[in-house]
Amino acid sequence: MPTDPHGAAPGGGAGGRRSGPLSLIADPTFRTLWTIGVLMEAMRWLELVTVGIWTYDLTGSPELVAFATVARMLPMALFGSVTGVIADRLNRKTLMILSLALMATTTAVLAVSLTDGQVLVGAFLSGLGWSTDFPVRRTILGESVGQDRLGPAMSMDSASNNATRMVGPIAGGAVYATVGMVGVYAMASAVYAVTVVLAILVVYRPVARTPRSLAILSEIRQGLAYVRRTRPLIGHLGITIIINLFAFPYAAMVPVIGKETFGADPVRVGLLLTVEGAAAFAGALLIAFFATPGRFWRIYLTGSALFVCSIFVFSLVPVYELALVVLLVGGFGFAGFASMQSAIMFYEAPPEIRSRLMGILSVCIGAGPIGVLHVGWLAGLVGAPMALTIIAAEGLVALAVLVALVPELRR
(Lines give C-alpha, C1' and ligand atoms only; values in the text may rest on other atoms or scores of the structure.)
Protein backbone atom coordinates (compact mmCIF):
# COMPACT_ATOMS: atom_id res chain seq x y z
CA MET A 1 0.00 0.00 0.00
CA PRO A 2 1.55 3.36 -0.99
CA THR A 3 2.20 5.90 1.70
CA ASP A 4 3.46 9.45 1.99
CA PRO A 5 7.00 10.06 3.30
CA HIS A 6 5.72 9.87 6.87
CA GLY A 7 3.72 6.71 6.31
CA ALA A 8 0.23 8.21 6.06
CA ALA A 9 -2.47 6.10 4.55
CA PRO A 10 -3.72 6.92 1.04
CA GLY A 11 -6.02 9.90 0.95
CA GLY A 12 -4.33 11.52 3.87
CA GLY A 13 -2.78 14.34 1.89
CA ALA A 14 -4.09 17.83 1.61
CA GLY A 15 -5.81 17.05 -1.60
CA GLY A 16 -7.33 13.75 -0.49
CA ARG A 17 -9.75 14.78 2.27
CA ARG A 18 -10.57 17.67 4.50
CA SER A 19 -8.24 18.28 7.38
CA GLY A 20 -9.17 19.54 10.83
CA PRO A 21 -11.02 18.08 13.80
CA LEU A 22 -14.50 18.24 12.29
CA SER A 23 -13.55 15.89 9.43
CA LEU A 24 -12.43 13.28 11.94
CA ILE A 25 -15.92 12.81 13.36
CA ALA A 26 -17.08 11.41 10.01
CA ASP A 27 -14.22 8.87 9.92
CA PRO A 28 -15.50 5.52 11.31
CA THR A 29 -12.01 4.15 12.03
CA PHE A 30 -11.05 7.24 13.98
CA ARG A 31 -14.35 7.18 15.88
CA THR A 32 -13.86 3.58 16.94
CA LEU A 33 -10.23 4.03 18.03
CA TRP A 34 -11.21 7.28 19.74
CA THR A 35 -13.99 5.52 21.68
CA ILE A 36 -11.64 2.74 22.77
CA GLY A 37 -9.24 5.38 24.09
CA VAL A 38 -12.02 7.16 25.97
CA LEU A 39 -13.18 3.98 27.70
CA MET A 40 -9.63 2.85 28.54
CA GLU A 41 -8.73 6.23 30.01
CA ALA A 42 -11.95 6.39 32.04
CA MET A 43 -11.20 3.02 33.63
CA ARG A 44 -7.60 4.02 34.21
CA TRP A 45 -8.62 7.03 36.30
CA LEU A 46 -11.44 5.17 38.02
CA GLU A 47 -9.00 2.47 39.13
CA LEU A 48 -6.25 4.92 40.05
CA VAL A 49 -8.45 6.91 42.40
CA THR A 50 -10.34 4.01 43.95
CA VAL A 51 -7.29 1.81 44.51
CA GLY A 52 -5.63 4.79 46.21
CA ILE A 53 -8.65 5.42 48.45
CA TRP A 54 -9.07 1.70 49.19
CA THR A 55 -5.39 1.28 50.07
CA TYR A 56 -5.34 4.34 52.30
CA ASP A 57 -8.59 3.30 54.05
CA LEU A 58 -7.12 -0.14 54.64
CA THR A 59 -3.60 0.84 55.74
CA GLY A 60 -3.47 4.58 56.43
CA SER A 61 -0.07 4.55 54.70
CA PRO A 62 0.78 7.08 51.93
CA GLU A 63 3.79 4.92 51.03
CA LEU A 64 1.51 1.96 50.24
CA VAL A 65 -0.79 4.24 48.25
CA ALA A 66 2.24 5.18 46.15
CA PHE A 67 3.27 1.52 45.83
CA ALA A 68 -0.18 0.54 44.50
CA THR A 69 0.15 3.25 41.86
CA VAL A 70 3.63 2.02 40.95
CA ALA A 71 2.32 -1.49 40.35
CA ARG A 72 0.06 -0.17 37.59
CA MET A 73 2.66 2.08 35.98
CA LEU A 74 5.71 -0.20 36.10
CA PRO A 75 4.92 -2.32 32.99
CA MET A 76 5.34 0.70 30.71
CA ALA A 77 8.95 1.05 31.84
CA LEU A 78 9.65 -2.68 31.70
CA PHE A 79 7.93 -3.62 28.45
CA GLY A 80 7.29 -0.44 26.42
CA SER A 81 10.31 -0.92 24.12
CA VAL A 82 9.62 -4.64 23.66
CA THR A 83 5.99 -3.92 22.78
CA GLY A 84 7.13 -1.33 20.25
CA VAL A 85 9.44 -3.81 18.51
CA ILE A 86 6.73 -6.48 18.41
CA ALA A 87 4.20 -3.96 17.07
CA ASP A 88 6.58 -3.17 14.19
CA ARG A 89 6.41 -6.86 13.21
CA LEU A 90 2.95 -8.20 14.06
CA ASN A 91 -0.54 -6.99 13.27
CA ARG A 92 -1.21 -4.05 15.59
CA LYS A 93 -4.95 -4.71 15.61
CA THR A 94 -4.39 -8.23 16.98
CA LEU A 95 -2.11 -6.86 19.69
CA MET A 96 -4.72 -4.26 20.63
CA ILE A 97 -7.43 -6.92 20.98
CA LEU A 98 -5.20 -9.12 23.13
CA SER A 99 -4.19 -6.30 25.47
CA LEU A 100 -7.79 -5.19 25.99
CA ALA A 101 -8.86 -8.78 26.62
CA LEU A 102 -6.13 -9.05 29.27
CA MET A 103 -7.52 -6.01 31.12
CA ALA A 104 -11.11 -7.28 30.86
CA THR A 105 -10.11 -10.68 32.27
CA THR A 106 -7.97 -9.23 35.06
CA THR A 107 -10.68 -6.92 36.37
CA ALA A 108 -13.30 -9.68 36.10
CA VAL A 109 -11.18 -11.95 38.30
CA LEU A 110 -10.71 -9.16 40.84
CA ALA A 111 -14.46 -8.49 40.91
CA VAL A 112 -14.99 -12.12 41.96
CA SER A 113 -12.07 -12.51 44.37
CA LEU A 114 -10.47 -9.48 46.04
CA THR A 115 -7.46 -9.49 48.37
CA ASP A 116 -4.55 -7.10 49.00
CA GLY A 117 -2.07 -9.09 46.95
CA GLN A 118 -4.50 -9.67 44.11
CA VAL A 119 -5.13 -5.92 43.78
CA LEU A 120 -1.41 -5.32 43.29
CA VAL A 121 -1.09 -8.16 40.77
CA GLY A 122 -4.21 -6.94 39.01
CA ALA A 123 -2.84 -3.41 38.84
CA PHE A 124 0.36 -4.76 37.28
CA LEU A 125 -1.52 -6.81 34.65
CA SER A 126 -3.79 -3.88 33.78
CA GLY A 127 -0.68 -1.77 33.43
CA LEU A 128 0.77 -4.37 31.08
CA GLY A 129 -2.27 -3.96 28.84
CA TRP A 130 -2.02 -0.19 29.11
CA SER A 131 1.65 -0.27 28.01
CA THR A 132 0.52 -1.08 24.46
CA ASP A 133 -1.50 2.12 24.01
CA PHE A 134 1.26 4.27 22.46
CA PRO A 135 2.97 1.72 20.19
CA VAL A 136 -0.32 0.08 19.16
CA ARG A 137 -3.61 2.00 19.42
CA ARG A 138 -2.20 5.51 18.98
CA THR A 139 0.05 4.38 16.16
CA ILE A 140 -2.93 2.82 14.37
CA LEU A 141 -4.83 6.06 14.93
CA GLY A 142 -2.02 8.17 13.45
CA GLU A 143 -1.66 5.92 10.41
CA SER A 144 -5.40 5.89 9.78
CA VAL A 145 -5.96 9.66 9.72
CA GLY A 146 -3.04 10.73 7.55
CA GLN A 147 -0.28 13.27 8.09
CA ASP A 148 -2.42 16.36 7.46
CA ARG A 149 -4.83 15.46 10.26
CA LEU A 150 -2.27 14.19 12.77
CA GLY A 151 -2.28 17.25 15.04
CA PRO A 152 -6.08 17.50 15.28
CA ALA A 153 -6.42 13.71 15.68
CA MET A 154 -3.96 13.47 18.57
CA SER A 155 -5.43 16.59 20.18
CA MET A 156 -8.96 15.20 19.95
CA ASP A 157 -7.79 11.86 21.32
CA SER A 158 -6.17 13.72 24.20
CA ALA A 159 -9.27 15.91 24.67
CA SER A 160 -11.61 12.96 24.93
CA ASN A 161 -9.25 11.09 27.23
CA ASN A 162 -9.01 14.16 29.43
CA ALA A 163 -12.79 14.40 29.41
CA THR A 164 -12.85 11.00 31.08
CA ARG A 165 -10.97 12.56 33.99
CA MET A 166 -14.06 14.69 34.53
CA VAL A 167 -16.04 11.48 34.96
CA GLY A 168 -13.61 8.71 35.96
CA PRO A 169 -12.34 10.02 39.31
CA ILE A 170 -15.64 11.35 40.63
CA ALA A 171 -17.53 8.32 39.31
CA GLY A 172 -14.91 6.10 40.91
CA GLY A 173 -15.37 7.87 44.23
CA ALA A 174 -19.15 7.50 43.97
CA VAL A 175 -19.03 3.82 42.96
CA TYR A 176 -16.49 3.05 45.68
CA ALA A 177 -18.63 4.81 48.31
CA THR A 178 -21.68 2.85 47.15
CA VAL A 179 -20.52 -0.70 46.36
CA GLY A 180 -16.81 -0.78 47.24
CA MET A 181 -13.88 -2.09 45.21
CA VAL A 182 -15.79 -5.16 44.03
CA GLY A 183 -18.28 -2.88 42.28
CA VAL A 184 -15.46 -0.81 40.79
CA TYR A 185 -13.83 -3.89 39.27
CA ALA A 186 -17.15 -5.24 37.98
CA MET A 187 -17.75 -1.94 36.17
CA ALA A 188 -14.21 -1.92 34.78
CA SER A 189 -14.54 -5.47 33.48
CA ALA A 190 -17.76 -4.67 31.64
CA VAL A 191 -16.25 -1.56 30.04
CA TYR A 192 -13.08 -3.36 28.96
CA ALA A 193 -15.25 -6.09 27.40
CA VAL A 194 -16.91 -3.40 25.29
CA THR A 195 -13.49 -2.16 24.12
CA VAL A 196 -12.58 -5.68 22.98
CA VAL A 197 -15.68 -5.77 20.76
CA LEU A 198 -14.89 -2.32 19.36
CA ALA A 199 -11.28 -3.33 18.64
CA ILE A 200 -12.51 -6.33 16.64
CA LEU A 201 -14.61 -3.94 14.53
CA VAL A 202 -11.67 -1.63 13.67
CA VAL A 203 -10.83 -1.60 9.96
CA TYR A 204 -7.05 -1.40 9.81
CA ARG A 205 -4.77 -1.46 6.77
CA PRO A 206 -1.22 -1.62 8.11
CA VAL A 207 1.61 0.27 6.43
CA ALA A 208 3.65 -2.08 4.21
CA ARG A 209 6.77 -3.37 5.96
CA THR A 210 9.77 -5.33 4.68
CA PRO A 211 9.68 -8.85 6.18
CA ARG A 212 12.70 -9.70 8.35
CA SER A 213 13.50 -11.75 11.41
CA LEU A 214 12.58 -10.48 14.85
CA ALA A 215 15.62 -9.40 16.89
CA ILE A 216 14.24 -7.54 19.87
CA LEU A 217 17.44 -6.24 21.47
CA SER A 218 19.00 -5.25 18.16
CA GLU A 219 15.89 -3.37 17.07
CA ILE A 220 15.59 -1.58 20.40
CA ARG A 221 19.20 -0.45 19.95
CA GLN A 222 18.37 0.82 16.45
CA GLY A 223 15.51 2.89 17.83
CA LEU A 224 17.69 4.32 20.60
CA ALA A 225 20.43 5.13 18.07
CA TYR A 226 17.93 7.12 15.99
CA VAL A 227 16.88 9.09 19.07
CA ARG A 228 20.51 9.84 19.97
CA ARG A 229 21.07 11.29 16.48
CA THR A 230 17.97 13.50 16.73
CA ARG A 231 18.46 16.26 19.31
CA PRO A 232 14.82 17.48 19.31
CA LEU A 233 13.66 13.96 20.18
CA ILE A 234 16.14 13.85 23.06
CA GLY A 235 14.49 17.02 24.37
CA HIS A 236 11.02 15.61 23.72
CA LEU A 237 11.74 12.45 25.69
CA GLY A 238 13.45 14.53 28.37
CA ILE A 239 10.27 16.53 28.93
CA THR A 240 8.27 13.30 29.06
CA ILE A 241 10.57 11.89 31.74
CA ILE A 242 10.47 15.12 33.77
CA ILE A 243 6.67 15.33 33.72
CA ASN A 244 6.34 11.67 34.69
CA LEU A 245 8.93 11.95 37.46
CA PHE A 246 7.89 15.28 38.97
CA ALA A 247 4.33 16.08 37.87
CA PHE A 248 2.12 13.03 37.36
CA PRO A 249 3.00 11.54 40.76
CA TYR A 250 0.90 14.28 42.35
CA ALA A 251 -2.23 12.26 41.46
CA ALA A 252 -1.15 9.45 43.80
CA MET A 253 -1.16 11.92 46.71
CA VAL A 254 -4.54 13.50 45.94
CA PRO A 255 -6.44 10.91 48.06
CA VAL A 256 -4.07 11.64 50.96
CA ILE A 257 -4.21 15.45 50.63
CA GLY A 258 -7.95 15.35 50.03
CA LYS A 259 -8.51 13.52 53.30
CA GLU A 260 -5.80 15.04 55.50
CA THR A 261 -5.68 18.67 54.32
CA PHE A 262 -9.26 19.27 53.18
CA GLY A 263 -11.20 16.58 55.10
CA ALA A 264 -12.90 15.63 51.81
CA ASP A 265 -15.14 12.61 51.29
CA PRO A 266 -14.42 10.20 48.36
CA VAL A 267 -16.59 12.15 45.90
CA ARG A 268 -14.88 15.48 46.69
CA VAL A 269 -11.48 13.75 46.47
CA GLY A 270 -12.43 12.59 42.99
CA LEU A 271 -13.54 16.12 42.12
CA LEU A 272 -9.99 17.41 42.63
CA LEU A 273 -8.85 15.34 39.67
CA THR A 274 -12.08 15.90 37.78
CA VAL A 275 -11.62 19.67 37.49
CA GLU A 276 -8.14 19.19 36.05
CA GLY A 277 -9.62 16.80 33.51
CA ALA A 278 -12.30 19.33 32.60
CA ALA A 279 -9.73 22.02 31.84
CA ALA A 280 -7.52 19.55 29.99
CA PHE A 281 -10.51 18.56 27.86
CA ALA A 282 -11.30 22.17 26.98
CA GLY A 283 -7.65 22.97 26.33
CA ALA A 284 -7.12 19.97 24.07
CA LEU A 285 -10.22 20.81 22.02
CA LEU A 286 -8.87 24.32 21.52
CA ILE A 287 -5.47 22.95 20.53
CA ALA A 288 -7.13 20.64 17.98
CA PHE A 289 -8.11 23.67 15.89
CA PHE A 290 -4.66 25.31 15.99
CA ALA A 291 -2.15 22.44 16.29
CA THR A 292 -0.22 22.78 13.05
CA PRO A 293 3.22 21.09 12.98
CA GLY A 294 4.93 24.48 13.32
CA ARG A 295 3.25 24.96 16.72
CA PHE A 296 3.74 21.44 18.12
CA TRP A 297 6.91 22.23 20.09
CA ARG A 298 5.78 25.55 21.59
CA ILE A 299 2.52 24.02 22.78
CA TYR A 300 4.37 21.05 24.27
CA LEU A 301 6.94 23.05 26.23
CA THR A 302 4.58 25.79 27.44
CA GLY A 303 1.94 23.31 28.57
CA SER A 304 4.49 21.20 30.42
CA ALA A 305 5.85 24.18 32.36
CA LEU A 306 2.35 25.40 33.27
CA PHE A 307 1.37 21.94 34.53
CA VAL A 308 4.37 21.68 36.87
CA CYS A 309 3.86 25.24 38.15
CA SER A 310 0.23 24.45 39.00
CA ILE A 311 1.21 21.40 41.03
CA PHE A 312 3.68 23.54 42.97
CA VAL A 313 0.94 26.05 43.83
CA PHE A 314 -1.59 23.27 44.60
CA SER A 315 0.79 21.86 47.21
CA LEU A 316 0.71 25.18 49.09
CA VAL A 317 -2.99 26.09 49.14
CA PRO A 318 -4.92 25.37 52.37
CA VAL A 319 -8.46 25.84 51.02
CA TYR A 320 -10.33 23.18 49.01
CA GLU A 321 -12.05 25.65 46.67
CA LEU A 322 -8.76 27.38 45.84
CA ALA A 323 -7.18 23.99 45.15
CA LEU A 324 -9.92 23.35 42.60
CA VAL A 325 -9.08 26.61 40.80
CA VAL A 326 -5.35 25.83 40.73
CA LEU A 327 -5.93 22.36 39.31
CA LEU A 328 -8.27 23.87 36.74
CA VAL A 329 -5.38 26.02 35.49
CA GLY A 330 -3.07 23.02 35.61
CA GLY A 331 -5.43 21.12 33.37
CA PHE A 332 -4.83 23.59 30.52
CA GLY A 333 -1.10 23.01 30.90
CA PHE A 334 -1.61 19.26 30.88
CA ALA A 335 -3.58 19.61 27.63
CA GLY A 336 -0.57 21.14 25.89
CA PHE A 337 1.71 18.38 27.12
CA ALA A 338 -0.59 15.42 26.44
CA SER A 339 -1.89 16.61 23.06
CA MET A 340 1.56 17.03 21.56
CA GLN A 341 3.37 14.13 23.23
CA SER A 342 2.19 11.49 20.73
CA ALA A 343 1.88 13.90 17.79
CA ILE A 344 5.52 15.00 17.94
CA MET A 345 6.91 11.47 18.16
CA PHE A 346 4.63 10.16 15.40
CA TYR A 347 5.44 13.14 13.15
CA GLU A 348 9.21 12.85 13.63
CA ALA A 349 9.45 9.05 13.38
CA PRO A 350 10.19 7.20 10.12
CA PRO A 351 7.33 4.75 9.40
CA GLU A 352 9.54 1.65 9.57
CA ILE A 353 10.53 2.32 13.19
CA ARG A 354 7.47 4.26 14.34
CA SER A 355 6.18 1.72 16.84
CA ARG A 356 9.69 1.26 18.21
CA LEU A 357 9.99 4.98 18.90
CA MET A 358 6.48 5.06 20.37
CA GLY A 359 7.60 2.15 22.56
CA ILE A 360 10.62 4.15 23.72
CA LEU A 361 8.20 6.97 24.53
CA SER A 362 6.22 4.47 26.63
CA VAL A 363 9.39 3.55 28.54
CA CYS A 364 9.97 7.23 29.32
CA ILE A 365 6.38 7.50 30.50
CA GLY A 366 7.16 4.45 32.60
CA ALA A 367 9.56 6.59 34.62
CA GLY A 368 6.45 7.54 36.56
CA PRO A 369 6.79 4.73 39.14
CA ILE A 370 10.13 6.17 40.25
CA GLY A 371 8.44 9.53 40.74
CA VAL A 372 5.56 7.94 42.64
CA LEU A 373 7.95 6.08 44.95
CA HIS A 374 9.86 9.31 45.42
CA VAL A 375 6.77 11.30 46.37
CA GLY A 376 5.48 8.47 48.56
CA TRP A 377 8.79 8.32 50.43
CA LEU A 378 8.80 12.11 50.85
CA ALA A 379 5.19 12.05 52.05
CA GLY A 380 6.14 9.58 54.76
CA LEU A 381 8.88 11.94 55.92
CA VAL A 382 7.39 15.44 55.56
CA GLY A 383 3.71 14.91 54.67
CA ALA A 384 1.95 14.83 51.31
CA PRO A 385 1.67 18.62 50.72
CA MET A 386 5.37 19.28 51.32
CA ALA A 387 6.25 16.23 49.21
CA LEU A 388 4.42 17.79 46.25
CA THR A 389 6.16 21.12 46.85
CA ILE A 390 9.53 19.40 46.65
CA ILE A 391 8.88 17.32 43.53
CA ALA A 392 7.33 20.26 41.67
CA ALA A 393 10.35 22.44 42.47
CA GLU A 394 12.62 19.64 41.24
CA GLY A 395 10.58 19.46 38.04
CA LEU A 396 10.83 23.18 37.34
CA VAL A 397 14.60 23.12 37.81
CA ALA A 398 14.92 20.06 35.56
CA LEU A 399 12.85 21.74 32.82
CA ALA A 400 15.00 24.86 32.95
CA VAL A 401 18.20 22.81 32.65
CA LEU A 402 16.81 20.75 29.76
CA VAL A 403 15.75 23.81 27.76
CA ALA A 404 19.21 25.31 28.28
CA LEU A 405 20.87 22.11 27.03
CA VAL A 406 18.48 21.50 24.10
CA PRO A 407 17.62 24.92 22.63
CA GLU A 408 15.71 23.20 19.79
CA LEU A 409 12.82 22.83 22.26
CA ARG A 410 12.19 26.58 21.94
CA ARG A 411 11.62 26.48 18.20
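Is Phe337 buried or exposed, at 1% relative accessibility? In this predicted model, Phe337 counts as buried, because its relative accessibility of 1% falls under the 20% limit. The residue belongs to a set of aromatic contacts, which are described below after the internal cavities.

The structure contains 3 cavities with a volume of 30 Å³ or more. The largest cavity has a volume of about 470 Å³. Its lining comprises 26 residues, of which Glu41, Arg44, Trp45, Trp130 and Phe248 are the closest to the cavity centre. Two or more lining residues come from each of the elements α2 (28–59), α3 (62–87), α6 (133–145), α7 (150–201), α10 (250–260) and α13 (320–348). By class, the lining of the largest cavity consists of 15 nonpolar, 6 polar and 5 charged residues.

The second largest cavity encloses about 70 Å³ of space. Its lining is made up of Glu47, Leu48, Val51, Ala68, Thr69, Arg72 and Ala123. At least two of these lining residues are supplied by α2, and at least two by α3. In this lining, 4 residues are nonpolar, 1 is polar and 2 are charged. Helices α2 and α3 are also among the elements that give two or more residues to the lining of the largest cavity.

Across the whole structure, 11 aromatic pairs were found. A pair of aromatic rings is described by the distance of the centres and the angle of the planes. For Phe296 and Tyr347, the centres are 6.0 Å apart and the planes are at 80°, an edge-to-face arrangement. Phe296 is located in helix α12 (residues 296–314) and Tyr347 in helix α13, so this pair ties together parts separated by 51 residues in sequence. With regard to solvent, Phe296 counts as buried at 2% relative accessibility, whereas Tyr347 is partly exposed, with a relative accessible area of 26%.

Tyr300 and Phe337 form another aromatic pair, which is stacked, with 5.5 Å between the centres and 15° between the planes. Tyr300 lies in helix α12 and Phe337 in helix α13, so the pair ties together parts that are 37 residues apart in sequence. Tyr300 counts as buried at 0% relative accessibility, and Phe337 likewise counts as buried, at 1%.

Both members of the stacked pair also belong to a cluster, in which ring pairs link Phe248, Tyr250, Tyr300, Phe307, Phe314, Phe334 and Phe337. Phe248, a member of this cluster, is also listed among the residues closest to the centre of the largest cavity.

Contacts between arginine side chains and aromatic rings were examined next. Arg138 is placed over the face of Phe134, at 4.3 Å from the ring centre. Arg268 is placed over the face of Tyr320, with a distance of 4.0 Å from the ring centre.

Cysteine residues were considered last. A disulfide is a covalent bond between the sulfur atoms of two cysteines. The search returned a count of 0 disulfides. Cys309 is partly exposed, with a relative accessible area of 36%, whereas Cys364 is buried, with a relative accessible area of 10%.

Conventions: Residues numbered from 1 in each chain as written. Heavy atoms only, no water. 1 Å grid on protein atoms, 1.4 Å probe; cavity = no way out; pocket = protein on both sides within 12 Å on 5 of 7 lines; lining within 4 Å. Points joined across faces, edges and corners; volume = space filled by probe spheres on them. Helix = DSSP H or I, 4+ residues; strand = E, 2+ residues; numbered from the N terminus. Nonpolar A, V, L, I, M, F, W, Y, C, P; charged D, E, K, R; others polar. Phe/Tyr/Trp six-rings, centres within 6.5 Å; stacked < 30°, edge-to-face > 60°. Buried < 20%, exposed > 50% of the residue type's maximum accessible area, 1.4 Å probe, protein only. Lys NZ or Arg CZ within 6 Å of the ring centre and 35° of its normal. Disulfide = S-S within 2.5 Å.
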